[in-house]
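Let's work through a few short exercises together. Keep the 3D view open and try each task before reading its solution.

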Amino acid sequence: MDKPEPQLLLEVHDVHKRYALPRESLLRPPAEVHALKGVSLQVVAGRSLGIVGESGSGKSTLARLVMALEQPTAGQVLLQGRDLHALSAGDLRAARRDFQMVFQDPYGSLDPRRRVWRTVAEPAAALEGASRVQQRERAAAMLEAVGLRPDALDKYPHEFSGGQRQRIAIARALITRPKLIVADEAVSALDVSVQAQVLNLMADLRDAHGVTFLFISHDLAVVAHLCQDVAVMQGGRVVEHGPVRQVLREPRHPYTRQLLDAVPGQGVASAA
């Protein structure tokens with residue numbers, strides 16, 4: 001029996017992003033930072049992709065473009081074949097049910113004035129117009145899915161630990177049942193033991209809910225734990241891209257080897 005063709009979930013085609021720096025002189029044009037230089041990637045549904053690289057490599061800029069939080073200077077970002085940056089405001093708002101984001105700082109991404117159930121339910125309320133009772137019920141189900149007790153519903157973010165707050169942020173991202181979750185350094189602010197708990201949770205949710213992750217990280221071991229594919233970025237470009245096992249065990253680009261050499265021990269290759 002023939003295997004079904006892999007379904008492309010996300011396509012990034014020759015994306016560039018330039019930022020103008022503050023003008024130093026009225027007689028000269030402002031200088032620019034070329035943050036992304038022709039980035040092209042594909043994410044297959046069901047195969048999570050890790051984006052790794054040092055600070056300044058363009059990882060977070062790419063995440064913002066994929067989330068349509070910023071416009072590319074050139075190129076396209078397609079989700080299920082639709083160019084996100086060509087959609088009308090209304091169509092983009094409706095499309096957001098299919099892609100959500102988890103940020104690096106869970107406390108900063110949660111409204112301290114809102115009870116947890118309202119924060120978790122917010123995307124569903126905005127996109128679907130669910131009733132207050134329905135919002136609360138769905139928030140309770142999502143919090144249960146990420147391992148939090150029902151009494152978390154009426155608490156505020158400051159009443160939770162960092163790991164619990166990240167679980168709340170993940171529940172919020174899951175509530176619209178998205179096909180893609182962009183996680184930008186989502187565990188880097190957590191202690192190592194809590195990182196492992198949150199990564200295991202993400203892996204369980206990936207398997208249980210069919211969510212595909214675009215996981216942004218500077219940590220190769222984290223990517224090896226969660227993702228099937230990896231792309232290595234340096235200076236706004238993708239310098240290596242392929243299955244995690246292949247890239248981490250047989251790196252071809254010197255920068256990838258440099259990142260691997262910087263990791264203590266042999267844990268990354270064995271985890272792949």
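**Exercise 1: Across the sheet**

In this predicted model, I51 stands opposite A231 in β9. Find out how the strands around this pair are arranged, and which residue of β10 is the bridge partner of A231.

*Solution.* Start with β3 and β9: they run parallel to each other, paired over 4 bridges. Next, step from β9 to β10, where the pairing is antiparallel and has 6 bridges. There, A231 has H241 as its bridge partner. Now turn to the other neighbour of β3: with β8 (residues 212–217), strand β3 (residues 49–52) pairs in the parallel sense over 4 bridges. On that side, G50 is matched with F215.

Finally, place these strands in the whole: the open sheet has 6 strands in the order β6-β7-β8-β3-β9-β10, with mixed pairing. Its edge strands, β6 (99–102) and β10 (237–243), each pair on one side only.

**Exercise 2: The turn**

How many residues lie between β9 and β10 in their hairpin?

*Solution.* Follow the chain out of β9 and you pass 2 residues before β10. One of the turn residues, G235, has a positive phi of about 55°.

**Exercise 3: A helix on the sheet**

Which residues of α9 are buried, and how are they placed around the helix axis?

*Solution.* First locate helix α9 (residues 254–261), which packs on the sheet and touches β3, β9 (229–234) and β10. Its direction makes about 100° with that of β9. Then pick out the buried residues of α9: Y255, T256, L259 and L260. Looking down the axis of α9, these buried residues fall within an arc of 140°, so they line one face of the helix. Last, check β9: 5 of its 6 residues are buried, so β9 is largely enclosed by the rest of the structure.

Methods. Residues are numbered from 1 along each chain as its sequence is written. This is a predicted model: local features need pLDDT of at least 70, side-chain atom pairs count only at pLDDT 80 or more; totals for chains, interfaces and linings use all residues. Side-chain values use heavy atoms; hydrogens and water are left out. Two strands pair if DSSP finds at least two bridges between them. Contact means heavy atoms within 4.5 Å. Axes are lines fitted to C-alpha atoms, for helices over the stretch in contact, and angles run from 0 to 180 degrees between N-to-C directions. Buried means under 20% relative accessible area, exposed over 50%, partly exposed in between (1.4 Å probe, protein chains only). The arc is that of the directions from the helix axis to the C-beta atoms.
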